[in-house]
Amino acid sequence: MTAQAPGWYAAGLGHVWLPYTQMKTVTPPLPVARTEGTRIHLADGRVLIDGIASWWTACHGYNHPHIRAAATRQLEQLPHVMFGGLVQEPALTLARRLAALLPGDLSRVFFSDSGSVSVEIAMKMATQYFLNRGVTGKGKFLSFRHGYHGDTIGTMAVCDPDEGMHSLFTDLLPRHFIADLPVDDESAAAFDTVLDAHGDEIAGILVEPLVQGAGGMKFHDAAVLRRLRAAADRIGALLIFDEIFVGFGRTGTMFACEAAGVVPDIVTLSKALTGGTMALAATVATTRVFDAFWDDRASAALMHGPTYMGNALACAVANASLDLFEREPRLDQVRAIEGWLRARLPQCRDLPGVVDVRVKGAIGVVQLDRIGDLNALKRAFVEAGVWVRPFGDIVYLTPAFTVTEDEVDILTGAIRKVLAAR
């Protein structure tokens, strides 16, 4: 690959540090020349069909002309001004539109520039919510096994403690409460035991609704979320939904909380917020939460402020992404993808080592007993002409909502072929 790669590849590769990667042994990354739709064009001329939408972000596919035009206009007019003491139209319009789309009175939007940070902001909001109301001792959070909420120190502390990415940092992290999701009588009883023992310490219950993403694409049903809403109310804690992965249509509704008829107190959004074009995140709180910060005391203000908060260029792009959800049949496309995946992925059930196949919305998962040589499996998918990135014990698809049935055929066929040859 390096012999065929452009000059910038050889000159720069020795100076970057790649994510989640043992740099000494990893297969060298592939140089990308351009993208379009669901296709990644490599510098050596090969073209890959992207089955994971760049970590679940490119919901409209790459290079959508409406998003590109919005970015060009905003770049020429106003790419960024600080959000301290100044505001601009794209950010205020985006905040208003998100508040209108989200259920209930989720109405106050705090912008940041990454999903991990949006969760940390939610945790700060929840903790200070109680302090501003004169309640002390509520500085802990309850989250769940197989959960993933980010890579910062604060968010690592509420991820699954045995999850491979973060277990090295146990001595660094604050201690919170981790339970199994209450999906049956046994796990519900264990969950209630934690609440009974520690409810007065818990500021918030934090969950990825319907699908726990990076923790293994684990699914649960809407009844679990209703149980969590009741539990948060019972112990006087806030309910926080991390919709960074599932938000913006991925599970079949615009937001996963809609499927359960549950309104969380705080919701975090990122990834597909800008259609995979720019870094942007939002932490959205209900009026009740915001009112605890509405005070004459300066100390009652939320003391957080990312430098690029409310970035005008990113907000303009996010507004263009929301336009596409209004103008183009995205949720209908998700339902079509779900049908295509349900028709094709179960053919993997009889392959050696496959222990489960599951589909929800535009998410398809093949779970294996073990993967073994992960790098070899990734190379095999590239050789099959697709960009599919297995992790843990799963091979999964989260394609752009604009993917065609023929492209889904190619993606699912590649999974069957690669897994059959293991």
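**Salt bridges, a mixed sheet and a surface patch**

A salt bridge joins the side chains of R288 and D265, with 2.6 Å from N to O. R288 belongs to helix α10, residues 287-291, whereas D265 sits in the loop between α9 (256-260) and β11, so this contact ties together parts that lie 23 residues apart in sequence. The two partners differ in their cover. R288 has a relative accessible area of 40% and is therefore partly exposed. D265, at 5% relative accessibility, counts as buried, because buried means under 20% relative accessible area. The model that shows this pair is a predicted one.

The loop that holds D265 leads to β11, and β11 is part of an open sheet of 7 strands. The order across this sheet is β4-β12-β11-β10-β7-β5-β6, and the pairing is mixed. At the edges stand β4 (106-112) and β6 (177-179), each of which pairs on one side only. On average, neighbouring strands of the sheet are turned by 20 degrees against each other, direction ignored. Strands of a sheet pair through backbone hydrogen bonds, and the pairing can be parallel or antiparallel.

Two of the pairings can be followed residue by residue. Strand β11, residues 266-269, runs antiparallel to strand β12, residues 281-286, and 4 bridges join them. L269 has A282 in β12 as its bridge partner. On to the edge strand: β4 and β12 also pair in the antiparallel sense, over 6 bridges. Here L106 stands opposite T286 in β12.

What covers this part of the sheet? Helix α4, residues 89-101, packs on it and touches β4, β11 and β12. The direction of α4 makes about 135 degrees with that of β4. Although β4 is an edge strand, the strand is mostly covered, with 5 of its 7 residues buried.

Back to the charged pairs. How many salt bridges does a search of the whole structure find? The number is 20. One of these pairs is R145 with D180, where the closest N and O atoms are 3.4 Å apart. R145 lies in the loop between β5 (140-144) and α6, and D180 lies in the loop between β6 and α7 (185-198), so the pair ties together parts that are 35 residues apart in sequence. β5 and β6, which precede these loops, stand next to each other in the order of the sheet. Both partners fall in the middle range of cover: R145 is partly exposed at 33% relative accessibility, and D180 is partly exposed with a relative accessible area of 39%.

Another salt bridge joins two helices. The side chains of R344 and E405 meet at 2.8 Å, N to O. R344 is in helix α12, residues 330-344, and E405 is in helix α14, residues 405-420, so the contact ties together parts that are 61 residues apart in sequence. As with R288 and D265, one partner is buried and one is partly exposed. In this case the arginine, R344, is the buried one, at 13% relative accessibility, while E405 is partly exposed with a relative accessible area of 36%.

Salt bridges can also link into a network, and R97, D323, E326 and R327 do so.

The surface also has a nonpolar feature. I153, L168, F169 and L172 form a nonpolar patch, with about 420 Å² of accessible area together. I153 lies in helix α6, residues 153-156. At 42% relative accessibility this isoleucine counts as partly exposed, and a residue needs over 30% relative accessible area to be part of a patch.

Last come two residues with a backbone feature to note. Which sign does phi have at W55 and N63? W55 has a positive phi of about 55 degrees although it is not a glycine. This tryptophan is found in helix α2, residues 53-56, and counts as partly exposed at 44% relative accessibility. N63 likewise has a positive phi, about 60 degrees, and is not a glycine. N63 is placed in the loop between α2 and α3 (65-77), where the residue is partly exposed at 41% relative accessibility.

How values were computed. Residues numbered from 1 in each chain as written. Predicted model: local features only at pLDDT ≥ 70, side-chain atom pairs only at ≥ 80, totals over all residues. Heavy atoms only, no water. Patch = residues over 30% accessible without salt bridge, like charges linked within 9 Å, V, L, I, M, F, W, Y side chains within 5 Å. Areas by Shrake-Rupley, 256 points an atom, 1.4 Å probe, with all protein chains shown as cover. Salt bridge = Lys/Arg side-chain N within 4 Å of Asp/Glu carboxyl O. Helix = DSSP H or I, 4+ residues; strand = E, 2+ residues; numbered from the N terminus. Buried < 20%, exposed > 50% of the residue type's maximum accessible area, 1.4 Å probe, protein only. Pairing = 2+ DSSP bridges. Axes fitted to C-alpha atoms, helices over the stretch in contact; angles between N-to-C directions. Contact = heavy atoms within 4.5 Å.
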